Amino acid sequence: MSGTLNKVMLIGHLGDEVKMHYFEGGGCIGRFPIATNDSYTNKQTGERVVNTDWHNIVVRNKAAEVCEKYLSKGDKVYVEGRLKNRQWQGEDGNTRYSTEVQVTDFTFLSTKQESQSNAANATNASGNTDTTTNHQAVQPAKPQQQAPQATPVEEDDDLPF
């Protein structure tokens, strides 16, 4: 063992749809942001404070295609992987930096249908009395294929970022 560890585990909600990039050799990568929340109560004001952190997620090849097919904005997902720092030249000539989570394993924690149902329930709990809108959002969608629960990700360092 090398004596070092680079491992990240996150549970959060997708902030956007999966963006796919395809390469000439047949490989592909998918990118999407995940939001995680940290909350506490301010002792001076008694107010509940929620801080949101955004994480750039990168998934490769077949796993990226699975994520694109089954995940959408708002879905809850568990991702496991390693941190990777990148730098590049921006259009303005300045050097830019970003930190990404390169996924090695993931599990879907909610489906598109569950996300729609949870959004409708949250709207109803917030005091919305227009029940026709809520019932439309909760109506079951067309049956979908069941998403796989855990998918190992193959390593392929030949793909450009």
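# Close-up views of a predicted model

**Figure 1. Ring pairs gather Tyr 70, Phe 106 and Phe 108 into a cluster.** Welcome to the first stop in this predicted model. A search through the whole structure turns up two aromatic pairs. In one of them, the ring centres of Tyr 70 and Phe 108 lie 6.2 Å apart with their planes at 45 degrees, so this pair counts as tilted. Tyr 70 belongs to helix α1 (residues 61-70) and Phe 108 to strand β6 (residues 95-108), so the pair ties together parts that are 38 residues apart in sequence. The rings of Phe 106 and Phe 108 form a pair too, with centres 5.4 Å apart and planes at 40 degrees, so they are also tilted. Phe 108 thus appears in both descriptions, paired with Tyr 70 and with Phe 106.

**Figure 2. How buried are the rings of the cluster, from Tyr 70 to Phe 106 and Phe 108?** Tyr 70 has a relative accessible area of 16% and is buried, because the cut-off for that class is under 20%. Phe 108 is buried as well, with a relative accessible area of 6%. Phe 106 comes out at 1% relative accessibility and counts as buried.

**Figure 3. Salt bridges with shared partners join Arg 31, Arg 86 and Glu 100 into one network.** The structure holds five salt bridges, and this view takes in two that involve Glu 100, one with Arg 31 and one with Arg 86. In the bridge to Arg 31, the closest N and O atoms are 2.6 Å apart. That pair links distant parts of the chain, with Glu 100 in strand β6 and Arg 31 in strand β3, 69 residues apart. In the bridge to Arg 86, the closest N and O atoms are 2.9 Å apart. Here Glu 100 sits in strand β6 and Arg 86 in strand β5 (residues 76-89), so the pair ties together parts that are 14 residues apart in sequence.

**Figure 4. Arg 31 in strand β3 and its partner Glu 100, seen as a pair.** Strand β3, which spans residues 28-41, is the home of Arg 31. Are these charged residues buried or exposed? Arg 31 has 19% relative accessibility and counts as buried, because the limit is under 20%. Glu 100, at 2% relative accessibility, also counts as buried. The side chains of Arg 31 and Glu 100 are joined by a polar contact of 2.6 Å. Turning to the other arginine of the network, both Arg 86 and Glu 100 are buried.

**Figure 5. Asp 16 and Lys 19 meet through their side chains in a salt bridge.** The N to O distance of this bridge is 2.9 Å. Asp 16 counts as partly exposed, at 30% relative accessibility. Lys 19 counts as partly exposed too, at 40% relative accessibility. It makes a friendly contrast with the earlier network, where Glu 100 and Arg 86 are both buried.

**Figure 6. Asp 38 in strand β3 and its contacts further along the chain.** Which residues does Asp 38 touch, once its neighbours within four places in sequence are left aside? Asp 38 is in contact with Val 49, Val 50 and Asn 51. The C-alpha atoms of Asp 38 and Asp 53 are separated by 8.1 Å, and these two residues are 15 residues apart along the chain. At 46% relative accessibility, Asp 38 counts as partly exposed. Asp 38 lies in strand β3, as does Arg 31.

**Figure 7. The setting of the close-ups: a chain with three helices and seven strands.** Stepping back helps to place the views above. Along the sequence, the elements follow the pattern β-β-β-β-α-β-β-α-α-β. Of the 161 residues in the chain, 33% are buried. Among contacts with a separation of 6 or more, 63% come from residues 24 or more positions apart. The salt bridge of Glu 100 and Arg 31 links residues 69 apart, while the ring pair of Tyr 70 and Phe 108 ties together parts 38 residues apart. The chain exposes about 10,800 Å², and carbon and sulfur atoms supply 48% of that area.

Notes
Residues numbered from 1 in each chain as written. Predicted model: local features only at pLDDT ≥ 70, side-chain atom pairs only at ≥ 80, totals over all residues. Heavy atoms only, no water. Helix = DSSP H or I, 4+ residues; strand = E, 2+ residues; numbered from the N terminus. Buried < 20%, exposed > 50% of the residue type's maximum accessible area, 1.4 Å probe, protein only. Polar contact = N/O pair within 3.5 Å; in protein donor to acceptor, adjacent residues only side chain to side chain. Contact = heavy atoms within 4.5 Å. Areas by Shrake-Rupley, 256 points an atom, 1.4 Å probe, with all protein chains shown as cover. Phe/Tyr/Trp six-rings, centres within 6.5 Å; stacked < 30°, edge-to-face > 60°. Salt bridge = Lys/Arg side-chain N within 4 Å of Asp/Glu carboxyl O.
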